[in-house]
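Biologist: Please take me through this one, a region at a time. I'll ask, and you show the reasoning.

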Amino acid sequence: MNGPAPSEVWAAAERLAGRVRRTPLLPLDGFPGLLLKAEHLQHGGSFKTRGAANALLARRPGRVVAGSSGNHGLAVAALGGALGAGVTVVMAAGAEETKERAVRARGATVVRVAGGVAERDRHARALAERTRAFLLPSSDHALVVAGQGTVALEVFEDAPGAHTLYLPTGGGGLLAGACLAALATGRRVRIVGVEPRDARRYFHSLAAGRPVELPPSRTVADGLRAQRPGRVPLPLVGRRVDALVGVTDEEIVEALRLLRERGVAAEPSGAIALADALAAGAPAGSVAVVSGGNAPARPLTPPARRAGAPEQESGPRPTQVKEAT
């Protein structure tokens with residue numbers, strides 16, 4: 001599977017013009033100089049709309065299979081249906097039931113599988129091969145990565161003085177897309193990927209020099225439970241990312257509470273970038289991407305950790321992958 005060339009992010013921006021919302025940069029009360037890229041206001045409630053739309057518009061498939069924790073499935077169901085495609089979304093056992101219902105409401109067929117994200121993706125791949133459908137991963141596809149890169153293109157255009165960009169990191173499509181946009185534009189902005197502390201598949205893979213598969217995670221950030229880095233995103237991340245950071249569920253919940261108190265309807269996965277920006281002191285000139293807002297209101301507490309699951313790391317947070325370029 002080949003990765004996208006930097007120029008493909010510009011092609012994606014042209015393809016998506018008028019199809020996706022140019023989301024605003026919002027100030028955060030009490031944190032002067034820190035901005036939020038409001039992708040929770042995107043069509044479909046998350047940045048996933050960009051990558052899904054770029055791939056669907058470029059390929060125009062008749063049948064689509066997508067593995068998703070929810071937001072990608074929502075985007076594929078809505079856009080695929082509008083383009084006349086039959087859509088099947090494969091979801092892991094731990095995916096939010098509210099997101100499953102929303103995917104079904106958009107006309108897609110939902111298949112639930114036991115296990116975690118890795119098993120979900122294996123099932124989606126086998127199903128697509130068996131039915132000769134177009135497999136549309138949530139992040140591990142060149143067209144998806146290029147579409148997600150338009151988030152960073154907008155940030156670079158709307159905040160020319162920004163020096164640091166914090167990005168939620170699960171499957172890695174958004175982070176790789178930002179790296180692609182930085183390469184395409186030559187921007188020397190510092191790019192920070194933020195992972196749940198017990199689901200650091202990119203940090204561990206780059207440290208090991210090879211893709212590493214982690215056990216299923218129960219992080220409160222349900223959209224960031226990917227177990228392996230994507231084959232397409234990993235080389236781009238390794239080439240351009242400046243730091244990969246792990247944050248705890250407690251830090252995510254605190255950032256989520258702060259956002260909701262200020263009227264930003266984020267979901268836990270959408271708050272993780274801000275969690276690290278706050279840990280870094282919320283420096284002026286920083287932008288944190290709020291990647292989505294599709295989650296039911298519920299008490300803001302981290303999930304109980306299952307027996308035998310790895311503990312959250314303690315002590316100083318390991319952040320650097322390489323020096324800033």
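**Strand 5 and its sheet**

Biologist: What is the relative accessible area of T109?

Modeller: T109 is partly exposed. Buried means under 20% relative accessible area and exposed over 50%, with partly exposed in between (1.4 Å probe, protein chains only). T109 falls in that middle class because its relative accessible area is 44%.

Biologist: Before we go on, what pLDDT do side-chain atom pairs need to count here?

Modeller: Residues are numbered from 1 along each chain as its sequence is written, and side-chain values use heavy atoms, with hydrogens and water left out. This is a predicted model, in which totals for chains, interfaces and linings use all residues, local features need pLDDT of at least 70, and side-chain atom pairs need pLDDT 80 or more.

Biologist: Which residues is T109 in contact with, leaving aside its neighbours within four places in sequence?

Modeller: T109 lies in strand 5; helices (H or I, at least four residues) and strands (E, at least two) are DSSP runs, numbered from the N terminus. Contact means heavy atoms within 4.5 Å. With neighbours within four places in sequence set aside, T109 touches V87, T88 and V89.

Biologist: Which strands stand at the edges of the sheet that holds strand 5?

Modeller: That open sheet has 4 strands in the order 5-4-3-6, with parallel pairing; two strands pair if DSSP finds at least two bridges between them. Each edge strand has a single partner, so one side of it is left without a neighbour in the sheet, and the two are strand 5 (109-113) and strand 6 (134-135).

Biologist: Which residue of strand 4 is the bridge partner of V65?

Modeller: Strand 3 (residues 63-67) and strand 4 (residues 86-92) are parallel, with 5 bridges between them. V64 stands opposite V87 in strand 4. For V65, the bridge partner is T88.

Biologist: And what angle does helix 5 make with strand 3?

Modeller: Helix 5 (residues 117-131) packs on the sheet and touches strand 3, strand 4, strand 5 and strand 6. Axes are lines fitted to C-alpha atoms, for helices over the stretch in contact, and angles run from 0 to 180 degrees between N-to-C directions. By that reckoning, the angle between helix 5 and strand 3 is about 165°.

**The mixed sheet and the helices**

Biologist: Which strands are at the edges of the sheet with mixed pairing?

Modeller: This open sheet has 6 strands in the order 1-2-10-7-8-9. Each edge strand pairs on one side only, and these are strand 1 (25-27) and strand 9 (243-247).

Biologist: Which residue in strand 2 stands opposite P27?

Modeller: Strand 1 and strand 2 (residues 34-38) run antiparallel, paired over 3 bridges. Opposite P27 in strand 2 stands L35.

Biologist: How wide an arc do the buried residues of helix 1 cover?

Modeller: V9, A12 and L16 are the ones buried in helix 1. They sit on the same side of helix 1, because the arc around its axis (taken over directions from the helix axis to the C-beta atoms) is only 55°.

Biologist: At what angle do helix 1 and helix 2 cross?

Modeller: A12, R15 and L16 in helix 1 meet R50, A53, N54, L57 and A58 in helix 2. The two axes come within 10 Å. Under 35 degrees counts as roughly parallel, over 145 as roughly antiparallel, 65 to 115 as roughly perpendicular and the rest as oblique. Helix 1 is therefore roughly perpendicular to helix 2, with the axes crossing at roughly 85°.

**The cores**

Biologist: Which helix supplies the largest share of the largest nonpolar core?

Modeller: A nonpolar core is a set of buried Ala, Val, Leu, Ile, Met, Phe, Trp, Tyr and Cys residues joined through side-chain atoms within 4.5 Å. The largest has 35 residues, and F156, L165, L167, L175, I191 and V241 touch the most other members. At least two residues come from each of several elements, including helix 1, helix 6 and strand 7. The largest share, 8 residues, comes from helix 7.

Biologist: How many residues does the other core have?

Modeller: It lies apart from the core we just discussed. V220, A255, A271 and A277 are among its members, and the count is 29 residues.

Biologist: What is the relative accessible area of L259?

Modeller: L259 sits in helix 10 (residues 249-261). Its contacts beyond four places in sequence are L28, L36, V264, A266, A271 and L274. L259 is classed as buried because its relative accessible area is 0%.
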